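Here is a short walk through a two-chain model, from one loop residue to the sheet and the chain contact. Have the sequence and the structure open while you read.

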2 protein chains.
Amino acid sequence: MTIRKATDQDWPRIYPFYATIMGEGKTYPFPERQTLDEGRPWWMEEPPGQTVVAVTGDDTITGSAKMGPNRPGRGAHIATASFIVDPACRGQGIGRALGEHFLSWARSERFHGAQFNAVVEANHPAVHLWQSLGFRIIGTVPEAFDHPEHGLVGLHVMYQKL
Amino acid sequence: MTIRKATDQDWPRIYPFYATIMGEGKTYPFPERQTLDEGRPWWMEEPPGQTVVAVTGDDTITGSAKMGPNRPGRGAHIATASFIVDPACRGQGIGRALGEHFLSWARSERFHGAQFNAVVEANHPAVHLWQSLGFRIIGTVPEAFDHPEHGLVGLHVMYQKL
C-alpha cells in the first residue's frame, strides 16, 4: 500500500465509497445523498490542507483522508482530519496507515496538536484506533449524532499534542 | 433593546464592530483582517440558520448573533451560535439577551441541544454567561487558541440539552 496526494482525477474514484459510507450514516455527520459534484468540496481539500489516497500496487484506491487546520485564524495551529476506507477493503490496516500518515504530515507542517471534532462514540474501531495512535477523549457531546441503528449517541472530541 | 432578524442591509453596520472584535483576536478563531465582502458569508447565515441583531429604539445595532445547525446530516439536531457585541456597548446585558434569544429560537425550531464548539477559556465573562444560561463545559481542548495576551489557551466545548 502507498499513500499519495489525491489529484482532481481521483475524486470520481473516491466518490463511490465516500457516497456509500456517508449513505450508511454510521460514522460522519456529513450530508447524505450528495452528487459527485456536491461531495467534491466536502472531501477534496485546498491548501494549506490536502487530501490523500491509499492505493494498491495497481493504483486502486482503497481509502482516503483529508486534513488541514481545524480552525482559521488563532486556531489554525491545530490540525484535523477525516478518514474513509472502501468497505470492501476493511480490516487491512488502511485506516491506521492513513492515521499515521496524517500525524506525520501534521508534525512536518509544524502543527501544535491534532483534534478530531466529532468521533461517533458507537464507532468503537475508530475510537480504539485513534486512542492507539495517541489521541485521548477530551469530552463527549451527548446525543449529538443520530445513528441509524443506535439512535442518538455521543460525539467524542479527541486530541493529542504533537 | 429589541432583537430582530438581520437583513442584507444590516451587514455594513455590523461589520465595523465585527472587524474590531476579530481584529482584537481574543474571543473567536475567525479569520482576521477580512474585508466587508470577505466577512459577510462568515457572519450572515443562510436558512435554516439565521443572523439577528440587537437594536436600540432608534435602530442602532449594538450586537449580533448567528445561529444554525452545528453540523449537517446526522448532527443537524444540535444548534450552535456565535455572538458579538459592539465594544462601545459592553456591560449592558446585550450578550445575555442575544444568548437567551438563541436558546428560545433553538427550542422553537425543535433542536435537541445547543453546543458551542470553541469558547476561549480566558474569556471569563463569556464562560460565566453561558454557564448562567445553562451550558456546561463538556471538555477543554488545551492550547487550541493563540491569545494575543495570554499565549496558547484552551477552547471549551460547551453544551446544554434543550
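Is R110(B) buried or exposed? R110(B) is exposed, as 9 other C-beta atoms lie within 10 Å. The cut-offs are these: 20 or more other C-beta atoms within 10 Å make a residue buried, 12 or fewer make it exposed, and anything in between is partly exposed, with C-beta atoms placed from the backbone.

A word on the ground rules first. This is a predicted model, in which local features need pLDDT of at least 70 and side-chain atom pairs count only at pLDDT 80 or more, while totals for chains, interfaces and linings use all residues. Residues are numbered from 1 along each chain as its sequence is written, and chains are lettered from A and ligands numbered from 1 in the order in which they are written.

**Backbone oddities**

Most peptide bonds are trans, and most residues other than glycine have a negative phi. Here are four places to check against that:

| Place | Backbone value | Loop |
|---|---|---|
| P47(A) to P48(A) | cis, omega near 10° | P48(A): between α2 and β2 of chain A |
| P47(B) to P48(B) | cis, omega near 10° | P48(B): between α2 (36-43) and β2 (50-55) of chain B |
| R33(A) | phi near 60° | between α1 and α2 of chain A |
| R110(B) | phi near 65° | between α3 (94-108) and β5 (113-120) of chain B |

R33(A) counts as exposed, with 10 C-beta neighbours inside 10 Å. Helices (H or I, at least four residues) and strands (E, at least two) are DSSP runs, numbered from the N terminus.

**Helices**

In chain A, the axes of α1 (residues 11-24) and α2 (residues 36-43) come within 10 Å and cross at roughly 95°. Axes here are lines fitted to C-alpha atoms, for helices over the stretch in contact, and angles run from 0 to 180 degrees between N-to-C directions. That makes α1(A) and α2(A) roughly perpendicular to each other, a label for 65 to 115 degrees; under 35 is roughly parallel, over 145 roughly antiparallel, and the rest oblique. From α1(A), residues including W11(A), Y15(A) and Y18(A) meet L36(A), G39(A), R40(A) and W43(A) of α2(A); contact means C-beta atoms, placed from the backbone, within 7 Å.

**The sheet**

Chain A has an open sheet of seven strands in the order β1-β2-β3-β4-β5-β7-β6, with mixed pairing. Strands pair if DSSP finds at least two bridges between them. β1 (2-5) and β6 of chain A are at the edges, each with a single partner strand, so one side of each has no neighbour in the sheet. Twist averages 25° from one strand to the next.

β7(A) runs antiparallel to β5(A), with six bridges, and antiparallel to β6(A), with eight. M158(A) in β7(A) stands opposite F116(A) and is also the bridge partner of I137(A). The hairpin from β6(A) to β7(A) goes through three residues.

G154(A) lies in β7 of chain A and is partly exposed, with 19 C-beta neighbours inside 10 Å. Among the residues G154(A) touches are E121(A), T140(A) and P142(A), leaving out those up to four places away in sequence.

**Where the chains meet**

Chain A and chain B each give 26 residues to the contact. On the chain A side, β5 (113-120), β6 (136-147) and β7 (151-161) each supply at least two residues, and β6(A) has the largest share, eight residues.

Definitions and conventions
Two residues are in contact if their C-beta atoms, placed from the backbone, lie within 7 Å.
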